[in-house]
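Please open the structure in your viewer and keep the selection tool at hand. The tour proceeds in stops, each beginning with a selection to make.

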Amino acid sequence: VTKVKVDREKCQGHARCAALAPELFVLDALGNAREAGDGTVPEALIEKAYLAKANCPELAIEVIEEKA
Amino acid sequence: MSTRPPVNDWATDFDHLDPRWIENPYPIWEELREKCPVAHTERFRGVYFPSRYDDVRAVAYDTENFSSRRIIVRETPPPRIPAPPITSDPPEHRPAKNLLLPAFTPDAIKRYEQHTRDICGKLVARFADKGGCDAAVDYAQEIPVRVIAVMLGLPEEEGDRFRTWIHEILELGITRPDVLMKAIGETTKYFQAEIEKRRSAPRDDLISQLMEAKIDGAPITEDHLLGAMRLILIAGIDTTWSAIGSCFWHLAQHSQDRQRLVADPALIPTAVEEFLRAYAPVTMAREVIKDTTIGGCPMKPGQMVLLSFPAANRDPAVFKDADRVVIDRKENRHAAFGLGIHRCIGSNLARMEITVALQEWLKRIPEFHLDPAAKVTWSEGTVRGPRKLPVIFN
């Protein structure tokens, strides 16, 4: 299972993740990001998850590959 | 400007008002990155200039040793002019920033998109049939000023007045404290009158919203309110105008990129990120408040640091082909809007305006190039963008 996780301490609300992978990230009322739901990434969106990670200026996004 | 002593060595005597730095700073920064990654000058009473991404990042993150109470390098320090949250340090910074953030989320900004489109469409219609225009004067500079006016609830026709203040505060004010203080005094009076108008009759605008704002249950002070309004006005106009201008400066000289965006408008948002990286308009500054070391360079309290996000964005250690504009660059962790707690509050607004400005122009004017008979001129100071950009439509 692949999951994304936003480090809420590091996130400064650049909102790149929500623009590039709106299925995987949501913004709160202040515009700071968190992962949608429990962060599980459907197979088809794995590339988008890595794209979001690669575009976060604060290095706040982790993509975790969990062994089932 | 011509009266400034010439720079002989960028590493030990740089001057960001030098005509060469204003015209094309990138080769200077490249040389510094190789030879002396943290440059210093005795000018402006002492300033450091880190040119590598990692060092810029380290300063931006370090609020213990670096303060935002002064964010512009000037010849003489003026009395402190607070514009929270940009001039705030922790712990005051967070509540001041949270006050403004909800008005600037991507969703909140969508409210202004159609209006921005209308503004751009009307501007383009003025010159589309004329064979050419000044893309900076007739287009780029006219967009953000109107959008910010709408947000704050001020008349859109006041653009000239706002631009004059910005020019006085950010450019002339670097060397002329009298001009700076005059402009600050005028903005204060202007905003006080706008606050007064809304006391009895609140409106559906950001000024009225801020007048209601509370921190820890207490209304914010008038000084805080005036500072925040001044910040939104100043930070939201010439920055975005510069960014838009640089996009057109690039596209006027790179027909392949231009044709690609015309053929595939879906690529525009990705291209905007690359333009923001390569031509980031904003350099901030910090005051050193404790003895510290950055990139091996000891820094002394009381001196300033130019925090060059534009230089960080050109660092080849972080960005492949850093000096090439690659409009479909996929991995683009650029720092155009800053890093750390002072991330530009208007980043979502700026992105929307730049994107819409490109879309609306390219729809009507797909072919254009620089006017070979005219000269492009650039702003002075720490917001970089073209101020004259004459183009001819093919």
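In what follows, the axis of a helix is a line fitted to its C-alpha atoms over the stretch in contact, and the angle between two axes is taken between their N-to-C directions. Please bear in mind throughout that this is a predicted model.

**First stop: two packed helices**

Select residues 238-253 of chain B, which form helix α14, and residues 347-364 of chain B, which form helix α18. At what angle do the axes of these two helices cross? They cross at roughly 35 degrees and come within 10 Å of each other. The crossing of α14(B) and α18(B) is right-handed.

Next, display the side chains where the helices meet. On α14(B), the contact is made by B:Thr240, B:Ala243, B:Ile244, B:Cys247, B:Phe248 and B:Leu251. On α18(B), the residues are B:Ala350, B:Glu353, B:Ile354, B:Ala357, B:Leu358 and B:Trp361. Sorted by class, this contact has 10 nonpolar residues, 1 polar residue and 1 charged residue.

**Second stop: a pocket lined by both chains**

Keep α18(B) selected and turn to the second largest pocket, to whose lining α18(B) gives the largest share, 6 residues. The space in this pocket amounts to about 810 Å³. Which lining residues are the closest to its centre? Select A:Arg16, A:Ala19, B:Pro269, B:Glu273 and B:Arg351; these are the closest among the 31 that line the pocket.

Now add the elements that each supply at least two lining residues: from chain A, α1 (16-20) and β2 (25-27), and from chain B, α6 (106-110), α7 (113-127), α16 (268-278) and α18. Coloured by class, the lining shows 15 nonpolar, 7 polar and 9 charged residues.

**Third stop: a sheet of three strands**

Select β4 (132-134) and β11 (368-370) of chain B, the edge strands of an open sheet. Which strand lies between them? The order is β4-β14-β11, with antiparallel pairing, and β14 of chain B covers residues 390-393. From one strand to the next, the twist averages 25 degrees.

Look first at β4(B), which is joined to β14(B) by 3 bridges. Here B:Gly132 has B:Ile392 as its bridge partner, and B:Cys133 stands opposite B:Val391. On the β11(B) side, the pairing with β14(B) also runs over 3 bridges, and B:His369 stands opposite B:Ile392.

**Fourth stop: a sheet of five strands**

Remain in chain B and display the open sheet with the order β1-β2-β10-β7-β3, whose pairing is mixed. Why is one side of β1 (38-41) and of β3 (66-67) left without a neighbour in the sheet? Both strands stand at the edges and have a single partner strand each, so no neighbour is present on the other side. For β3(B), 2 bridges make an antiparallel pairing with β7(B), residues 283-288; B:Ser67 stands opposite B:Glu287 there.

Then add helix α4 of chain B, residues 53-61, which lies across β1, β2, β3, β7 and β10 and runs at about 120 degrees to β10(B).

**Final stop: backbone details in the loops**

Select B:Arg45 in the loop between β1 and β2 of chain B. Although B:Arg45 is not a glycine, its phi is positive, about 60 degrees.

Move on to the loop between β3 and α5 (93-100) of chain B, where B:Pro85 is found. B:Pro84 and B:Pro85 are joined by a cis peptide bond with omega of about 5 degrees. B:Pro91 also lies in the loop between β3 and α5 of chain B, and the peptide bond from B:Pro90 to B:Pro91 is cis, with omega near 5 degrees.

Key: Residues numbered from 1 in each chain as written. Chains lettered and ligands numbered in written order. Predicted model: local features only at pLDDT ≥ 70, side-chain atom pairs only at ≥ 80, totals over all residues. Heavy atoms only, no water. Axes fitted to C-alpha atoms, helices over the stretch in contact; angles between N-to-C directions. Helix = DSSP H or I, 4+ residues; strand = E, 2+ residues; numbered from the N terminus. Left-handed = near helix turned anticlockwise from the far one by under 90°. Contact = heavy atoms within 4.5 Å. Nonpolar A, V, L, I, M, F, W, Y, C, P; charged D, E, K, R; others polar. 1 Å grid on protein atoms, 1.4 Å probe; cavity = no way out; pocket = protein on both sides within 12 Å on 5 of 7 lines; lining within 4 Å. Points joined across faces, edges and corners; volume = space filled by probe spheres on them. Pairing = 2+ DSSP bridges.
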